[in-house]
Each structure stands twice: as C-alpha cells, then as structure tokens.
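Thank you all for coming. I would like to walk you through one protein model this morning, starting with the fold and the core and then moving to a few residues that deserve a second look.

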Amino acid sequence: MRRTVIGLTAVALSTAALAAPASAAPAGGQNSPEVGPLACTQPSWTSHPQAGGFTTDGTNIRIGPTTECTSVGLGYRSHSVTYHCWRLGAGGTWTHLRDNTTGVQGWVKDSLLVNNGSSYAC
C-alpha cells in the first residue's frame, strides 16, 4: 500500500513545549507530523515485521522522522531490512526499521525504501 502526503499542517510549539525535557513524549500523537526538538525523542512505533530494503547506498538511519535528527547508521542496498511501521514526519512519511545486517534501528524516509516503506501505520 503506497501513501502520498499532499500537504502537512504546520504545528506550532509553545514556549513550554520547547523547554520540555528530552524525555518528554512527542507532541501531536500517533501519525501526526512532528517538528522541532521533540521529533528526535524516539517517537513511538509498533512492530509489524515486513521484509524491505534500501533503494540507495549510504542511506541515513535516524533517531526520529526528520533529517534534523541524528543519524545512527547507514543503510545499503545489499543489507537485509525489516520494516516495523510508518508515520508522518518531516516532508512526508517515514518508516521505523531494523537494518538486520548491522543491527541498527531507526527512521528512514519512505522515498528511500523499497516499496515505499512499511504498509502498516504506527
């Protein structure tokens, strides 16, 4: 199942939200776009294992669904990958996955994944 995001609504973060500790839960709830510093606090995900893969070599695997989040590893087309689920993130949908070759888990933008990432929402 492919997902297309036509537009995202801007989410305004209050001063209080920006001052929240790093352990605070992400703003917006499930499947809502996350922006700002809260996007990188390990957003929740669920496991719906599906085989998958990377469409390019050197794909960043990140701690949250935005390119502003830290990369924890790189994925390559030759790697074995398990998709867990997808959610909205910066610029579209992102899939939480495990790179079985390296053991690294994290988020990758669906446009960089075989079959456009997971078919299960988080």
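**The core, and what surrounds it**

Let me begin with the largest nonpolar core, which consists of eight residues, namely Phe-54, Ile-61, Val-81, Tyr-83, Leu-97, Val-104, Val-108 and Leu-113. Please keep in mind throughout that this is a predicted model. As general background, nonpolar side chains tend to be buried together in soluble globular proteins.

To place that core in the fold, the protein has one helix and six strands, and when it is read along the sequence the pattern is α-β-β-β-β-β-β. Of the 122 residues in the protein, 40% are buried, and the surface that the protein exposes comes to about 6,200 Å², with carbon and sulfur atoms supplying 55% of it. If we take the contacts with a separation of 6 or more, residues 24 or more positions apart account for 55% of them.

Within the core I would like to single out Leu-113, which lies in the segment after β6, the strand that spans 105-109. Is Leu-113 buried or exposed? Leu-113 counts as buried, because its relative accessibility is 3%, and the cut-off for that label is under 20%. Once residues up to four places away in sequence are set aside, Leu-113 touches Gly-53, Phe-54, Thr-55, Tyr-83, Thr-95, Leu-97 and Val-108. For one of these partners, Thr-95, which is 18 residues from Leu-113 along the chain, the C-alpha atoms of the two residues are separated by 8.5 Å.

Now to the charged side chains, where I will start with Arg-62, a residue of strand β2, residues 59-62. Arg-62 is buried yet has no salt bridge, and the nearest side chain of opposite charge, that of Glu-68, is 9.7 Å away. What does the side chain of Arg-62 reach at 3.3 Å? It is the backbone oxygen of Thr-67 that the Arg-62 side chain reaches at that distance. Beyond four places in sequence, the residues that Arg-62 touches are Thr-67, Cys-69, Thr-70, Ser-71, Trp-94, Gly-106 and Trp-107.

Side chains of opposite charge can pair when their charged atoms come close. How many salt bridges does the count come to? The count comes to one salt bridge, in which the side chains of Asp-57 and Arg-77 meet at 3.0 Å, N to O. This pair links distant parts of the chain, since Asp-57 sits in the loop between β1 (50-52) and β2 whereas Arg-77 sits in the loop between β3 (71-75) and β4 (81-89), 20 residues apart. Asp-57 counts as partly exposed because its relative accessibility is 43%, while Arg-77, with a relative accessible area of 53%, is exposed.

Let me turn next to the backbone in the segment after β6, where both Asn-115 and Asn-116 are found. Most residues other than glycine have a negative phi. Asn-115, although it is not a glycine, has a positive phi of about 60 degrees, and Asn-116, also a residue other than glycine, has a positive phi near 60 degrees. As for their surroundings, Asn-115 is exposed, with a relative accessible area of 55%, whereas Asn-116 is buried, with a relative accessible area of 15%.

The segment after β6 also holds Cys-122, which counts as buried because its relative accessibility is 7%. Between Cys-122 and His-96, which are 26 residues apart along the chain, the C-alpha atoms are separated by 8.7 Å.

My last residue is Thr-93, in strand β5, residues 92-99, which is buried, with a relative accessible area of 7%. Which side chain does that of Thr-93 join in a polar contact of 2.7 Å? The partner is the side chain of Asp-110. Thr-93 and Ala-121, meanwhile, are 28 residues apart in sequence and 9.9 Å apart in space, taken from C-alpha to C-alpha.

If you take two residues away from this talk, I would suggest Leu-113, a buried member of the segment after β6, and Arg-62, which is buried yet has no salt bridge.

Terms used. Residues are numbered from 1 along each chain as its sequence is written. This is a predicted model: local features need pLDDT of at least 70, side-chain atom pairs count only at pLDDT 80 or more; totals for chains, interfaces and linings use all residues. Side-chain values use heavy atoms; hydrogens and water are left out. Helices (H or I, at least four residues) and strands (E, at least two) are DSSP runs, numbered from the N terminus. Buried means under 20% relative accessible area, exposed over 50%, partly exposed in between (1.4 Å probe, protein chains only). Contact means heavy atoms within 4.5 Å. Accessible areas come from the Shrake-Rupley method with a 1.4 Å probe; for residues, only the protein chains shown count as cover. A nonpolar core is a set of buried Ala, Val, Leu, Ile, Met, Phe, Trp, Tyr and Cys residues joined through side-chain atoms within 4.5 Å. Lys and Arg count as positive and Asp and Glu as negative; His and the chain ends are not counted. A salt bridge is a side-chain nitrogen of Lys or Arg within 4 Å of a carboxyl oxygen of Asp or Glu. A polar contact is a pair of N or O atoms within 3.5 Å; within protein, one must be able to donate a hydrogen and the other to accept it, and residues adjacent in sequence count only if both atoms are side-chain atoms.
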